[in-house]
Structures are given as structure tokens and as C-alpha cells.
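User: I'm new to reading protein models and would like to work through one with you. Can we take it in small questions, one feature at a time?

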Amino acid sequence: MRHLRFYFDPISPYAALAFARLPEVLDGLDVVVDYVPVLFAGFLKAHGHKGPAEIPGKRSWTYRQVLWEAHRLGQPLQLPVHHPFNPLALLRLCWAAAPAGRTPSRWVVEQVFRHVWEGGGDPLDPQRLQALQTLLAPPLDPSSDEVKSRLRLATDDAVAAGLFGVPTVLVEGELFWGLDGLPLLSAWLRGDPWFQQGGWEQAARLPVGQARPGS
């Protein structure tokens, strides 16, 4: 049995779509999946990046493309009333609902994604957040130091493992990033012979080039 870790932040519509597709991608495989909530903004800070919604042209393209992908995949998805938003309350709620020493269940993560990406509501509306917390009935206080530490440690560990974005699946030291990385993940897990031809390793060793003078 292979052990996969699915890293996500509910702020990401691509993570929501990838989460919904994952059972289909893994169908017939002997795997177990841990769902790991992480703070995407922590990745951006660690790598000195901007998020897609912070770049005007990329912002509009991202929303248009993700709506198309949802349509193409037949997956319900509506943009929330504002985006980006601060996902800390939702991330902490995920960890508060996780059993001791474990990650949150798929059911918990599904409720959080539905809260954000179905219905077009405000993810941070206090009444909606309270209703979600009541539904999840977490054994820990989402505002507790223990929960905050779980989230911080998970994010730090993900950065240390080389993650730079969400969603990402980590399996046996290999990273598969993005919604469009899921077919690649499936092929790798199923032993596609292409991975034995050397291109996978060679691509990771490609040296960094330098810009030519005047270019």
C-alpha cells in the first residue's frame, strides 16, 4: 500500500477541484491518503512569490479558467463573494477536527471545500462559520495554541519537503502539483513505462541558464 499526502488550502479553487477528482484518479490503486491543511500564504512568503489573485491579469484568467475547468469536469463550483480571503479560520477548524496525531478526514475536508466553493457565499461570514463548526463538532478549540501549532508545523514541513503550491500530492518523495498534475500522478502510480525512459529524472537535473547580454 502506498501512502499519499494531499496538501491543500481551501482558498484554492484548484485544490477544491483536485480534491473532488482524487478518488477517480486513484480508482483501483492500493493507496491511503492523508489530507493535510497548509497555509498557502506561507509557501508564497517562503519562496518570495505572489499569489495568482495578486497579479491583475492572472487574477481574471485564474477565475475564468477555474470556472471552465469546473464546467468541463461537471463539478459544482461557484466563486465566493470575495477572493482571496484569509483562510486561517478554516484551516484551524480542519486541524481542530482532526483526531490526535492524525490529519482531518476526507469528510471534514469536503465540508470545508463546500463551505467555500458551493453557493457563492462569504466564507468568513460569522454565522456560516459557526454553522460549519457545529457541523464538524471539532474536539479541539480552533483558536487553541495546539491547533495553531499543528497548522504551523504542517506548513513548515511542507515547505521543507519542497512544496511551493497547492494542491500538491506527495508520495515517496515525489511531488505532483496542481489539478493538471493528477493525470501525471495516476500514470506514475500505475507504472507507466515513460517514467523508466529517463526524462523524469533528467528534467529535474536541467541546469539553470543565464540570460545573454542584451537579451
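Analyst: Sure, and one definition before we start: helices (H or I, at least four residues) and strands (E, at least two) are DSSP runs, numbered from the N terminus. Also keep in mind that this is a predicted model.

User: Let's start with the sheet. In what order do the four strands of the open sheet come?

Analyst: The sheet is open and its pairing is mixed. Its edges are strand 2 (31-37) and strand 4 (174-177), each of which pairs on one side only. From one strand to the next, the twist averages 20°. Reading across, the order is 2-1-3-4.

User: Do strand 1 and strand 2 run parallel or antiparallel?

Analyst: In general, strands of a sheet pair through backbone hydrogen bonds, either parallel or antiparallel. Seven bridges join strand 1 (residues 2-8) to strand 2. You can follow the pairing at His 3, whose partner in strand 2 is Val 32, and at Phe 8, whose partner there is Pro 37. These two strands run parallel.

User: What is the handedness of the β-α-β crossover from strand 1 through helix 1 to strand 2?

Analyst: Start from His 3 of that pairing, bridged to Val 32 in strand 2. The chain leaves strand 1, passes through helix 1 and arrives at strand 2, a crossover that is right-handed.

User: And at what angle does helix 1 run to strand 1?

Analyst: Helix 1 covers residues 13-25 and lies across strand 1 and strand 2. Helix 4 also lies across strand 1 and strand 2, and its angle to strand 2 is about 135°. For helix 1 against strand 1, the angle is about 155°.

User: Which residue in strand 3 is the bridge partner of Arg 5?

Analyst: Strand 1 pairs with strand 3 (residues 168-171) over three bridges, in the antiparallel sense. Within strand 3, Arg 5 has as its bridge partner Leu 170.

User: Now the helices. Why is helix 4 called roughly parallel to helix 6?

Analyst: Two packed helices are described by the angle between their axes and the distance between the axes. For helix 4 (residues 88-96) and helix 6 (residues 126-136), the axes come within 11 Å. Angles under 35 degrees count as roughly parallel, and these axes cross at roughly 10°. That crossing is why helix 4 is, relative to helix 6, roughly parallel.

User: How many residues in the contact of helix 4 with helix 6 are nonpolar?

Analyst: Helix 4 brings Ala 89, Leu 90 and Leu 93 to the contact, while helix 6 brings Leu 129, Leu 132, Gln 133 and Leu 136. One of the contact residues is polar and none is charged, so by class the nonpolar count is six.

User: Is Ala 96 buried or exposed?

Analyst: Ala 96 lies in helix 4. Leaving aside its neighbours within four places in sequence, it touches Pro 138, Pro 139, Leu 140, Asp 141, Pro 142 and Val 147. Its relative accessible area is 0%, and anything under 20% counts as buried. Ala 96 is therefore buried.

User: What covers the buried residues of helix 4?

Analyst: The buried residues of helix 4 are Leu 90, Leu 91, Leu 93, Cys 94, Trp 95 and Ala 96. Their cover includes strand 1, strand 2, helix 5, helix 6 and helix 7 (145-160).

User: Which residues is Gln 111 in contact with, leaving aside its neighbours within four places in sequence?

Analyst: Gln 111 sits in helix 5 (residues 106-117). With 11% relative accessibility, it counts as buried. Its contacts are Leu 132, Leu 135 and Leu 136.

User: On to the loops. What is the phi of Ala 137?

Analyst: Most residues other than glycine have a negative phi, and most peptide bonds are trans. Ala 137, in the loop between helix 6 and helix 7, is exposed at 55% relative accessibility. Its phi is positive although it is not a glycine, with a value of about 45°.

User: In which loop does Glu 172 lie?

Analyst: Glu 172 has a positive phi near 50° and is not a glycine either. At 52% relative accessibility it counts as exposed. Its place is the loop between strand 3 and strand 4.

User: Last one: which residue does a cis peptide bond join to Val 166?

Analyst: One cis peptide bond joins His 83 and Pro 84, with omega about 0°, and Pro 84 is in the loop between helix 3 (56-73) and helix 4. The bond after Val 166 also has an omega of about 0°, and its proline is in the loop between helix 7 and strand 3. The residue joined to Val 166 is Pro 167.

Key. Residues are numbered from 1 along each chain as its sequence is written. This is a predicted model: local features need pLDDT of at least 70, side-chain atom pairs count only at pLDDT 80 or more; totals for chains, interfaces and linings use all residues. Side-chain values use heavy atoms; hydrogens and water are left out. Axes are lines fitted to C-alpha atoms, for helices over the stretch in contact, and angles run from 0 to 180 degrees between N-to-C directions. Angles under 35 degrees count as roughly parallel, over 145 as roughly antiparallel, 65 to 115 as roughly perpendicular and the rest as oblique. Contact means heavy atoms within 4.5 Å. Buried means under 20% relative accessible area, exposed over 50%, partly exposed in between (1.4 Å probe, protein chains only). Two strands pair if DSSP finds at least two bridges between them. A crossover is right-handed if, with the strands pointing away from the viewer, the path from the first strand over the helix to the second runs clockwise.
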